[in-house]
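User: I'm new to this one. Can you walk me through it?
Analyst: Sure, here it is.

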Amino acid sequence: DIFESEHRLQNALMTNYSSTVRPATELDKPVHVQLMLDLMRIDELDATKETMTTTFMLTQTWKDPRLAWNTSHYGGVKSIRLKESSIWRPDIEVANQAPGLSLTSEALPLISYDGTVIYVPYKTVPTYCAMDLTLFPYDTQKCIIKLTPWTHNALEIDLGLFGHYLNTTDQMKIPRESLSDLQWELLEGTATLSSKKFDCCPEKYSFFEVSLQMSRNTNFYRYVVTWPSVVACFLVPFLFALPSHSSQKITYGLALMIFESIIILTFAETNSFDHKTVPNIAIFHLITLILTSTSLLLSIFIVSISCGDMRKHVPAWLQRLALTDSCLRTVLCLGQYRDSKGYSSGRGGGFLLEETHETHHHEPELRTISENEVTRDVSESLRAIAEKMSSDESRIKVTQDWREVGRLLDRVLFFLCILTVLVLLIWSARLWSG
């Protein structure tokens, strides 16, 4: 019966069989091994360790003349399965394997009557993969799984692509239908053959390289990273439109800083910052946080220096740059600066001095009107009123000048924010198209 036939066949095949001897018919000819990788799942891409963990089935087929038989002698049996440790197998290993959990299933090789062996182990292997997170979370990564005979050179084992016998120039496409899409989606997968000569040995060694190009599934990141960033793009520019001396600006700025901090913390939870590349979206949030804090510090400085008893005038160089430089103000779309009296910034101080000087000029005339005490008191009162008015107008002008300086600096920060967004968008678009 069939059981007795397979038992006799197994005993006959294993008689004087050595599992460590290559099944080569001639010493100078290699064993032709065809490979095919069927990717089952992309388990994980670790950006911190720059590793990719994949699960795949590696199909290996070759011919072993010692395992051929005549079907008529064994009841018409055309195929048999033996333990993998009992026959010779090519020692195909992952050359770029990374530290981590690696699993290989025990598969039974299928042996046909003509000596053809088909061996399909199931593997879960971590491999090294250099990652670029510049376009996170819309990034694409390209990783390679490199397999090679570990102790046999190209003269002993000749690798080929399954279905392309003795053809080392063709490429094999990795099917996408069998892949279970999780966090990463396979865009394209190809398998190619290559060879390399090392300094230690004169022979070449063959490599079976599987290149996987993957894109990240952004359904989750769209809500925790992308949309909050879009909201920040619309909220931050309005901060620079508020007056520097208003309390609402400080409140609004603090709320924006808290909002940006929450986004950065969420970003840190969803992705690792321990990486050689920095995502553009992280650069945007960092620059936005810096500009927001700078605007708040300028507001606090302007309020503190322009209010209270110790008011300081705007330095002359800053007046020329921020108040009288029409070219800079035109570029920033601010127009010509005028004080509260309607005079330009260059004549405000002169107007106050002329008024004070005019008051002092009429002082002798007032003194000569009458020498009685009433006339003297009236003259002193008029002089005190004039000095008080001049002092009030001077304080008003100092406050107004500092507020205008703050308005100009906020406008500069506004353009820096817009420029940052445009540069990052253009840079990302060029990387994406490339």
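User: Which residue forms a salt bridge with Lys146?
Analyst: Glu209 does, with the closest N and O atoms 3.7 Å apart. A salt bridge here is a side-chain nitrogen of Lys or Arg within 4 Å of a carboxyl oxygen of Asp or Glu.

User: And where do the two sit in the chain?
Analyst: Glu209 is in strand E13 (residues 204-216) and Lys146 is in strand E9 (residues 140-149). They are 63 residues apart, so the pair links distant parts of the chain. Helices (H or I, at least four residues) and strands (E, at least two) are DSSP runs, numbered from the N terminus.

User: Before we go on, what kind of model is this?
Analyst: This is a predicted model: local features need pLDDT of at least 70, side-chain atom pairs count only at pLDDT 80 or more, and totals for chains, interfaces and linings use all residues. Residues are numbered from 1 along each chain as its sequence is written, and side-chain values use heavy atoms, leaving out hydrogens and water.

User: Is Lys146 buried or exposed?
Analyst: Lys146 counts as partly exposed, at 28% relative accessibility. Buried means under 20% relative accessible area, exposed means over 50%, and partly exposed is in between (1.4 Å probe, protein chains only).

User: How many salt bridges does the count come to?
Analyst: Eight. One of them joins Arg41 to Asp43, with the closest N and O atoms 2.5 Å apart. Arg41 is partly exposed at 28%, and Asp43 is partly exposed at 29%.

User: What about Arg407 and Glu404?
Analyst: Their side chains meet in a salt bridge, 3.0 Å from N to O. The two are separated by about one helical turn, because they are three residues apart in helix H9. Arg407 is partly exposed at 36%, whereas Glu404 is buried at 9%.

User: Where is helix H9?
Analyst: Helix H9 covers residues 373-433, and Leu416 is found there. Leu416 also belongs to a nonpolar surface patch with Val412, Leu419 and Val423. Together they have about 310 Å² of accessible area. Patches take residues with over 30% relative accessible area and no salt bridge; like charges are joined within 9 Å, nonpolar side chains (Val, Leu, Ile, Met, Phe, Trp, Tyr) within 5 Å. Leu416 itself is partly exposed, at 39%.

User: Switching topic. How many disulfides does the structure hold?
Analyst: One. It joins Cys129 to Cys143, S to S 1.8 Å. A disulfide is a pair of cysteine sulfur atoms within 2.5 Å. The torsion about the S-S bond is about -70 degrees, so the disulfide is left-handed. Both Cys129 and Cys143 are buried.

User: Why is there no bond between Cys233 and Cys417?
Analyst: The sulfur of Cys233 is 7.2 Å from the closest cysteine sulfur, in Cys417, which is too far for a bond. Cys233 is partly exposed at 31%, while Cys417 is buried at 5%.

User: Which residues does UniProt list as "transmembrane region"?
Analyst: The unreviewed UniProt entry lists residues 220-243, 250-268, 280-303 and 412-432. Positions are in the numbering used here, feature names are shortened, and annotations may be inferred rather than shown by experiment. In the model, residues 250-268 are 100% helix and 0% strand, with end C-alpha atoms 27 Å apart. Residues 280-303 are also 100% helix and 0% strand, with the ends 35 Å apart.

User: And how many helices and strands does the chain have?
Analyst: Nine helices and 13 strands. Buried residues make up 39% of the 434 residues.

Note on methods
Accessible areas come from the Shrake-Rupley method with a 1.4 Å probe; for residues, only the protein chains shown count as cover.
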